[in-house]
Amino acid sequence: GARSIAIDADSSEEQIKEIFKQVNGVLFPGSVTSGKRKTFTTDNKEEEIDHLTKTNQNAARLLWDLAKQANDEGEVFPIWGTC
């Protein structure tokens, strides 16, 4: 059977890369995200962003890029996303 490991979206790039080396596929489960918070842009305008969504996007993009590189190098590394 399969074993799973959670990859925390708040993990550093180095941590995600280390976990990537230890797994043979990634599943992105569907979920509802929330966590809006106020932040300031470079021109000091207040802006509300969804922190969790942005964090998840960054981690997912890194995993996608690593998987693409692995596949391009001949290593089969599947990604499955469910919503």
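**Reading the core and the segment before H1**

Ile 16 touches Ile 7, Ser 11, Ala 59, Leu 62 and Leu 63, leaving aside residues up to four places away in sequence. Keep in mind that this is a predicted model.

Q: Which residues touch the most other members of the largest nonpolar core?

A: Start with the general idea: in soluble globular proteins, nonpolar side chains tend to be buried together. Here the largest nonpolar core has 13 residues, and Ile 16, Phe 20, Leu 63 and Phe 77 touch the most other members. Both H1 and helix H2 (51-72) supply at least two residues of this core. With 6 residues, H2 gives the most to it.

Q: Ser 11 is on the contact list of Ile 16. Is Ser 11 buried or exposed?

A: For that, look at relative accessibility, where buried means under 20%. Ser 11 comes in at 18%, so it counts as buried. You'll find Ser 11 in the segment before H1.

Q: What does the side chain of Ser 11 reach?

A: For a polar contact, you look for a pair of N or O atoms within 3.5 Å. In this case the Ser 11 side chain reaches the backbone oxygen of Asp 8 at 2.8 Å.

Q: And what about Asp 10: buried or exposed?

A: Same kind of reading, with exposed meaning over 50%. Asp 10 counts as exposed because its relative accessibility is 52%. Asp 10 is found in the segment before helix H1 (13-20).

Q: How far apart are the C-alpha atoms of Asp 10 and Asn 58?

A: Check the separation along the chain as well as the one in space. Asp 10 and Asn 58 are 48 residues apart along the chain, and 9.2 Å separates their C-alpha atoms.

Definitions and conventions
Residues are numbered from 1 along each chain as its sequence is written. This is a predicted model: local features need pLDDT of at least 70, side-chain atom pairs count only at pLDDT 80 or more; totals for chains, interfaces and linings use all residues. Side-chain values use heavy atoms; hydrogens and water are left out. Helices (H or I, at least four residues) and strands (E, at least two) are DSSP runs, numbered from the N terminus. Buried means under 20% relative accessible area, exposed over 50%, partly exposed in between (1.4 Å probe, protein chains only). A nonpolar core is a set of buried Ala, Val, Leu, Ile, Met, Phe, Trp, Tyr and Cys residues joined through side-chain atoms within 4.5 Å. Contact means heavy atoms within 4.5 Å. A polar contact is a pair of N or O atoms within 3.5 Å; within protein, one must be able to donate a hydrogen and the other to accept it, and residues adjacent in sequence count only if both atoms are side-chain atoms.
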